[in-house]
Amino acid sequence: MLESRPVNGDCIFCRIVAGDIPAVRVREDERTIAIMDINPATRGHVLVLPRAHAADLHEIGDDDLAACARAARDLAGRALERLGADGVTIMQSNGPAAWQTVFHYHVHVIPRYEDDPLVLPWTPAPADPDELEKISQAYVKD
């Protein structure tokens, strides 16, 4: 195990990681745990959590971020192979405007089925090419 892990005693996910709150754990390694979501979007919805507290993508360390990605990939494969999912949505939100409700970094692994009730939350439409070019400059590294 890692020597020291930041913990937030008020964080429900830190309390789950510590074993203070019960959860159905489906996968664990040195850096992550994965639990069944108690409010699942679909059958088999799981959450991947880093053991160390980090509020969001901007706080999580590189090694924990990579470990969460590996765990999510592993669980997505299991959903396809063992649950008969037709696909898998991997979702991660940062901040209230992005639907983050628990401020401990986590990744949703949501098995998708042809007849599930989930819908795309936006209507894809072509962007203005000039606007795309203008906005793209915000992402270019200086």
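This report walks through the fold, the cores, the pockets and a few single residues of one protein chain.

**The overall picture**

First things first: the model you are looking at is predicted. The chain is built with three helices and five strands. If you trace it along the sequence, you meet them in the pattern α-β-β-β-α-β-β-α. To get a feel for the size, picture a box of roughly 50 × 45 × 25 Å, taken along the principal axes, which the C-alpha atoms of the chain fill.

How much of the chain is tucked away? Of its 142 residues, 37% are buried. The accessible surface of the chain adds up to about 9,300 Å², and carbon and sulfur atoms own 54% of that. Contacts tell you something about how the sequence folds back on itself: taking those with a separation of 6 or more, 55% join residues 24 or more positions apart.

**What sits inside**

Let's start with a general idea: in soluble globular proteins, nonpolar side chains tend to be buried together. Here, the largest nonpolar core has 13 residues, and the members that touch the most others are Val48, Cys68, Leu75, Val107 and Val109. Which elements supply at least two residues each to this core? They are strand E3 (46-50), helix H2 (62-82) and strand E5 (107-112). Helix H2 makes the largest contribution, with five residues.

Cys68 is a nice residue to click on. Ignore its neighbours within four places in sequence, and Cys68 is still in contact with Thr32, Val48, Leu49, Pro50, Ile60, Tyr105 and Val107. There is also another core, apart from the largest one, made of nine residues that include Cys11, Phe13, Val17 and Ile33.

**Two pockets**

Now for the empty space. Rolling a probe the size of a water molecule over the atoms shows where such space is left. The table puts the top two pockets side by side.

| Pocket | Volume | Lining residues by type |
|---|---|---|
| Largest | about 420 Å³ | 13 nonpolar, six polar, one charged |
| Second largest | about 210 Å³ | nine nonpolar, one polar, one charged |

The largest pocket is lined by 20 residues, and those closest to its centre are Phe13, Asp37, Asn39, Leu47 and Val102. Two elements give two or more residues to this lining: helix H1 (12-18) and strand E2 (32-36). H1 gives the most, with three residues. Phe13 turns up twice in this story, as a member of the nine-residue core and as one of the residues closest to the centre of the largest pocket.

What lines the second largest pocket? Its walls are made by Ala41, Thr89, Met91, Trp99, Ile110, Arg112, Leu118, Val119, Leu120, Pro121 and Trp122. Here the elements giving two or more residues are strand E4 (87-91) and E5. E5 also helps to build the largest core.

**A few residues to look up**

Trp99, from the lining of the second largest pocket, sits in the loop between E4 and E5. Is Trp99 buried or exposed? Its relative accessible area is 55%, and exposed means over 50%, so Trp99 counts as exposed. Its backbone is a bit unusual to look at too: Trp99 has a positive phi of about 80° although it is not a glycine.

Next, try two residues of helix H2. Arg70 is found in this helix and is partly exposed, with a relative accessible area of 45%. From the C-alpha atom of Arg70 to that of Val102 the distance is 21 Å, and the two are 32 residues apart along the chain. Asp74 lies in H2 as well and is partly exposed, at 27% relative accessible area. The C-alpha atom of Asp74 is 9.9 Å from that of Val109, although 35 residues along the chain lie between their positions.

Finally, find Asp116 in the loop between E5 and helix H3 (129-136). Why does Asp116 count as buried? The cut-off is under 20%, and Asp116 has a relative accessible area of 14%, so it passes. Beyond its neighbours within four places in sequence, Asp116 is in contact with Thr42 and Pro111. Asp116 and Arg43 are 73 residues apart in sequence, but C-alpha to C-alpha they are 9.1 Å apart in space.

How values were computed
Residues are numbered from 1 along each chain as its sequence is written. This is a predicted model: local features need pLDDT of at least 70, side-chain atom pairs count only at pLDDT 80 or more; totals for chains, interfaces and linings use all residues. Side-chain values use heavy atoms; hydrogens and water are left out. A nonpolar core is a set of buried Ala, Val, Leu, Ile, Met, Phe, Trp, Tyr and Cys residues joined through side-chain atoms within 4.5 Å. Buried means under 20% relative accessible area, exposed over 50%, partly exposed in between (1.4 Å probe, protein chains only). Helices (H or I, at least four residues) and strands (E, at least two) are DSSP runs, numbered from the N terminus. Contact means heavy atoms within 4.5 Å. On a 1 Å grid over the protein atoms alone, a cavity is a set of points where a 1.4 Å probe fits but cannot get out, and a pocket is an open set with protein on both sides within 12 Å along at least five of seven lines; lining residues have an atom within 4 Å of a point. Grid points are joined across faces, edges and corners, and a volume is the space filled by probe spheres set on the points. Ala, Val, Leu, Ile, Met, Phe, Trp, Tyr, Cys and Pro count as nonpolar, Asp, Glu, Lys and Arg as charged, and the others, Gly among them, as polar. Accessible areas come from the Shrake-Rupley method with a 1.4 Å probe; for residues, only the protein chains shown count as cover.
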